[in-house]
Amino acid sequence: MGSLGDRIGRRKLLLIGAVGFSVGSLAAAYAQNTEMLIAARALLGIAGATLMPSTLALIRNLFDDAQQRSKAIAIWTAVMTGGIALGPVLSGFLLEHFGGDRSS
């Protein structure tokens, strides 16, 4: 996705990825069957793959000072790592408490 961002533009790829991730999230939330959920999750994976290299490339371009760039990349990495670590836990909590009864 990084090379695609180089070809079509990082900002454009970031916007396409954000729209794709939003559409995929809505599709996953309202999935009526397993196949629809799998397709939505595949879209989320592809859209997510566009977001990470685009944001990192934009950070590298926005911060000219090496010290500021290092700090920005460290914050980006910490937020990404936190999201990877906490995302499944928080989503499990939300499903447990607000998911509704689907056993019928």
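This passage walks through the helices of a predicted model and the contacts between them. Local features are reported where pLDDT is at least 70, side-chain atom pairs count only at pLDDT 80 or more, and totals for chains, interfaces and linings use all residues. Residues are numbered from 1 along each chain as its sequence is written, and side-chain values use heavy atoms, with hydrogens and water left out.

A good place to start is helix α2, which takes in residues 10–29. Helices here are DSSP runs of H or I with at least four residues, strands are runs of E with at least two, and both are numbered from the N terminus. With its 20 residues, α2 reaches 28 Å from its first C-alpha to its last, close to the 28 Å expected at 1.5 Å a residue. That expected span is 1.5 Å times one less than the number of residues in the helix. The buried residues of α2 are Leu13, Gly17, Gly20 and Gly24. Looking down the axis of α2, these buried residues fall within an arc of 70°, so they line one face of the helix. The arc is taken from the directions that run from the helix axis to the C-beta atoms. As background, an α-helix has 3.6 residues a turn, so residues three or four places apart point the same way. Over on the other side of α2, Arg11, Val19, Leu26 and Ala29 are exposed. "Buried" stands for under 20% relative accessible area, "exposed" for over 50%, and "partly exposed" for anything in between, using a 1.4 Å probe and protein chains only. As for what covers the buried residues of α2, the cover includes α1 and α3.

Leu13 gives a closer look at that buried face. This α2 residue is buried because its relative accessible area is just 2%. Setting aside neighbours within four places in sequence, Leu13 is in contact (heavy atoms within 4.5 Å) with Met1, Leu4, Gly5, Ile8, Thr50 and Ser54. Pro88, on the other hand, is 75 residues from Leu13 along the chain, and the C-alpha atoms of the two are separated by 26 Å.

Two of those partners, Thr50 and Ser54, belong to helix α3. Thr50 is buried, with a relative accessible area of 5%, and, leaving out neighbours within four places in sequence, Thr50 is in contact with Met1, Leu13 and Gly17. Ser54 is buried too, at 1%. Not counting residues up to four places away in sequence, Ser54 touches Arg10, Leu13 and Leu14. Thr55, also in α3, counts as partly exposed because its relative accessibility is 25%. Beyond residues up to four places away, Thr55 touches Leu14 and Trp76. Thr55 and Ser70 sit 15 residues apart in sequence and 14 Å apart in space, C-alpha to C-alpha.

Helix α3 as a whole has 29 residues, which should span 42 Å at 1.5 Å a residue; the end C-alpha atoms are 42 Å apart, so the two agree. Its buried residues are Ala40, Leu44, Ala47, Gly48, Thr50, Ser54, Ala57 and Ile59, and they pack against α2 and α4. Helix α4 covers residues 66–98. Gln67 is part of α4 and, at 65% relative accessibility, counts as exposed. Gln67 and Gly82 are 15 residues apart along the chain, with 22 Å between their C-alpha atoms.

Back at the start of the chain, Met1 lies in the segment before α1 (2–8). At 39% relative accessibility, Met1 counts as partly exposed. Together with Leu4, Ile8, Ile16 and Ile46, Met1 makes a nonpolar surface patch of about 410 Å². Patches are built from residues with over 30% relative accessible area and no salt bridge, joining like charges within 9 Å and nonpolar side chains (Val, Leu, Ile, Met, Phe, Trp, Tyr) within 5 Å. The areas come from the Shrake-Rupley method with a 1.4 Å probe, and for residues, only the protein chains shown count as cover.

That leaves the charged side chains. Side chains of opposite charge can pair when their charged atoms come close. A salt bridge here is a side-chain nitrogen of Lys or Arg within 4 Å of a carboxyl oxygen of Asp or Glu, and the count comes to one. Asp6 forms a salt bridge with Arg10, and the closest N and O atoms are 3.1 Å apart. Asp6 is exposed, with a relative accessible area of 52%, whereas Arg10 is partly exposed at 30%.
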